Amino acid sequence: MKIKFNIIGLDCPNCAAKLASQIEEAEGIDSAKINFLTEKMTVETSLDEGAAYDLILKICLAFDDDLKLEK
Amino acid sequence: MRKKLKKILKSDGIKIGLSLLLFAGGLIFGFVRFEALSLVLYAFALVIAGADVFVDAVKGILRLDPLDEKFLMSVAAIGAMIVGEWSEGCAVMIFYLVGETFEHRAVRKSRASIKALMDICPDEASVLIDGKEEIIDAEDVEIGMTVVIRPGERVAVDCTVTEGTAHVDTSSMTGEPIPVTVGAGDSLSSGFVVTDGQLFATAVRKSTESAAARVLELVTVASDNKSREESFITRFSRYYTPIVVALALVVAVVPPLFGLSTLSKSVYTALTFLVISCPCALVISVPLSFFGGIGGAASRGILFKGGNVFSKIASAETVAFDKTGTITSGRFEIQDIIPAGIGTDELLFIAASVESVSNHPVAVCIKKGAQNITAPKEAKELSGLGVTAEVEGQKCAVGNLALMRSQGATVPDEYIKENGVYVCRSREFIGTITISDSVKPEAGEAIKKLYRLGVKNTVILSGDREENVSRIAKETGIIKYYSQLSPEEKYEKLEALISESKSTLYVGDGINDAPSLARADVGIAMGNMGQDSAIEASDAVIMTDNLLKISEAMLIARKTVRIARENIVFAIGIKAFILLLGFFGLANMWLAVFADVGVAVLAVLNAMRALKFTEKYK
């Protein structure tokens, strides 16, 4: 399933790419793309939206606790 | 109180001000050789400016990511302090903070200006529920509901006007500045703005499937499709940072080993390398250029489906066109009525009555041109010939010369015309009606502009008869034409054109030519924002049917590509130059910080030029 989130507060496109590759490594996530300019994240996952959100939020906050993730 | 203080200390402005003040104090006391105090002031300045950076750096280490920008900056600042360059170590952090603040502001501003362009989907709509007007979320408007649109309001869903007339500003969707007048029966796309008058309309699509939402989706997804320039810079930066960091290590260790330099001097040089090694200036400027180009083009009614389309449009050498609906308006009109032995009105009356049973575009246009018609009897549509029917008890036929012959009517030579439709009654020829599919008024100018942009070859690919196609080619200044092509032949001709030239554009209206749109280097679908197949198959979509938009698209693409390349050369060039200076011990931390954040800010500002379009031909 394809899920989109808004991801707000990333510093630079380089960080965006790093975060995306970290999310991609998590279990249940097939792919993760972050567009720094549109502040949008697209994830392919076998999880449902709620579970994916919780999982990704955890990774984001560990990466940088100023990040905001919106459904 | 404490929380408030903390918040104030967290604001970048305050941090910069305070740390600059402390830094100045440090400089002054250092100058009068009161070094202990000077060092304390520097240390405070460093902590205030760099606290967040240090915290992030530690996080970077915990993530096992030693090439993190924050980490590199921290090492550079603290390292400079250790080798005795206190003021420089402190300055690195302060100016990194200043640069970052500017960079974030520039990115935020460019995001906002692009978002403003994209603010075409209203959140709410007024609808009539049981005769009463209510404001509901645009997403909750169901098909068939009556929406009310007042002056100044934006249309929330695609709909058909049922009542009222008004002027409508379509510019944010089509890029056309001239308002359109609409009344009952006309369709409205979401994103249009009603400038005067009140309209009642029936929703025909949900807001999420309406034009504005689809345009927005297309444009948002477009920045995911990377251009060659973007892929290059991403690949480049992946190697750039590790290589420069490795160089820094070499520079720090090797010269002192051979007695070429003191350890502290060479460590200082290495630290400047670390500052320069941050890749962000590179990585941000190029995508932002394309982002700007996509946004700027969208505001003019041109949708690029990805950054990868720009360079191909920019270098187009051959432009191939579909004819009907692309070069011509696709709306047939009666050009001339030439009766033989009867009145004009009577001829038209008979022709329209017979044709009233057919949906052929020619039949529809004859019907439209007639004042009154009657229902015919025993009407028969003969494909490829025309229609026969009984009108007022007499057997009539409307169609081509072959039909006339089969009806036993002879058409005198002076009545045989280009694009003629012939009419006979009771085996007697009674007149010719000529039909034209008019060339769009701007076609000639549009083609001329393409030549001025360096397009070498223009071609019409058409299924129509040779005499029509050659006339249109001559009229518009198009160099080559191929007529009477079947859809397969059209595709083959296009393939031949593609193999002959560097980049080939194909411009079509998306009806029956989706394969060609998909095959060309760049397929441009025009005037058909509703057609899914056309949007899918094409690389760029032009929202209006205005041919001048093709040269405009080329100009926007060229400008965007040029800006992206400028940014690549500029960012890499400055970094390489300062690395070189650093290598010979000529660069200090200040220059290194400029090479990082200063370049980023300038590149972002340059990228924003892609948003604006001015028509300029060399």
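Helices, as the term is used here, are DSSP runs of type H or I with at least four residues, numbered from the N terminus. In the predicted model, helix α1(A) provides the largest share of the lining of the largest cavity, namely three residues. That cavity has a volume of about 210 Å³, and 17 residues line it, those nearest its centre being C15(A), F63(A), R63(B), D68(B) and K70(B). At least two lining residues apiece are supplied by α1 (13-25) of chain A and by α3 (35-62) and α4 (69-82) of chain B. By residue class, the lining of the largest cavity comprises nine charged, six nonpolar and two polar residues.

Two cavities of 30 Å³ or more were counted, and the second largest cavity encloses about 40 Å³ of space. The residues that line the second largest cavity are G296(B), A297(B), I556(B), K559(B), T560(B), A610(B), K612(B) and F613(B). Two or more of these residues come from each of the helices α10 (280-298) and α21 (548-583) of chain B, with α21(B) giving the largest share, three residues. Four residues of this lining are nonpolar, two are polar and two are charged.

Turning to the open sets, the largest pocket holds about 1300 Å³ of space. Its lining consists of 50 residues, among which F332(B), H360(B), P361(B), V362(B) and D464(B) are the closest to the centre of the pocket. The lining of the largest pocket divides into 20 polar, 17 nonpolar and 13 charged residues. Because residues of this lining are given both by domain 2 (302-328 + 440-554) and by domain 3 (329-439) of chain B, the largest pocket lies between these two domains.

Chain B also contains an open sheet of three strands, arranged in the order β6-β5-β8 with antiparallel pairing. The edge strands of this sheet, each of which pairs on one side only, are β6 (180-182) and β8 (193-196) of chain B. On average, and with direction ignored, neighbouring strands of the sheet are turned by 45° against each other. Strand β5 of chain B, which spans residues 166-169, is joined to β6(B) by three bridges, and these two strands run antiparallel. Within the sheet, V168(B) stands opposite V180(B), a residue of β6(B).

Definitions and conventions:
Residues numbered from 1 in each chain as written. Chains lettered and ligands numbered in written order. Predicted model: local features only at pLDDT ≥ 70, side-chain atom pairs only at ≥ 80, totals over all residues. Heavy atoms only, no water. 1 Å grid on protein atoms, 1.4 Å probe; cavity = no way out; pocket = protein on both sides within 12 Å on 5 of 7 lines; lining within 4 Å. Points joined across faces, edges and corners; volume = space filled by probe spheres on them. Nonpolar A, V, L, I, M, F, W, Y, C, P; charged D, E, K, R; others polar. Domains from an automatic or database assignment. Pairing = 2+ DSSP bridges. Axes fitted to C-alpha atoms, helices over the stretch in contact; angles between N-to-C directions.
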